[in-house]
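Biologist: I should like to learn how a fold is read from a structure. May we go through one together?

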Amino acid sequence: MRIKLSGDLTYREARLVMARVVEQLAVPETVLDLAEVNEVDSSAIALVLAWLRRAEEQSIVLRCENVPANLRSLAALYGVEAIVPID
């Protein structure tokens with residue numbers, strides 16, 4: 001399963017985007033394609049970590065592709081780049 005995200009991943013969109021992705025998680029693997037994501041804030045990191053927890057609970061492998069530089073920077077800033085599945 002590939003889920004394409006676009007627009008902003010900020011606190012304003014977090015609740016809606018969280019639910020949308022959780023509904024689409026699929027076994028055995030789900031790829032989050034972030035190529036069209038623009039603005040991010042710390043909520044984006046919280047979302048990815050929450051999606052990882054949900055995926056793990058359902059035995060789903062979750063990966064992120066086309067991760068924007070600003071999201072990579074936030075992952076490094078918060079020290080979670082090692083656990084965020086960025087390809």
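Biologist: Which unit do strand 1, helix 1 and strand 2 make?

Modeller: This is a predicted model, in which local features need pLDDT of at least 70 and side-chain atom pairs count only at pLDDT 80 or more, while totals for chains, interfaces and linings use all residues. Residues are numbered from 1 along each chain as its sequence is written, and side-chain values use heavy atoms, with hydrogens and water left out. Helices (H or I, at least four residues) and strands (E, at least two) are DSSP runs, numbered from the N terminus. A crossover is right-handed if, with the strands pointing away from the viewer, the path from the first strand over the helix to the second runs clockwise. Here strand 1, helix 1 (residues 14-24) and strand 2 make a right-handed β-α-β unit. The crossover from strand 2 through helix 2 to strand 3 is also right-handed.

Biologist: In what order do the strands form the sheet?

Modeller: Strands of a sheet pair through backbone hydrogen bonds, either parallel or antiparallel. Two strands pair if DSSP finds at least two bridges between them. In this model, 3 strands form an open sheet in the order 1-2-3, with parallel pairing. Strand 1 (2-9) and strand 3 (61-65) each have a single partner strand, so one side of each lacks a neighbour in the sheet.

Biologist: Over how many bridges do strand 1 and strand 2 pair?

Modeller: They pair over 6 bridges, and arginine 2 stands opposite valine 31 in strand 2. Strand 2 (residues 29-40) and strand 3 pair over 5 bridges. Valine 31 also stands opposite arginine 63 in strand 3, and the bridge partner of aspartate 33 is glutamate 65.
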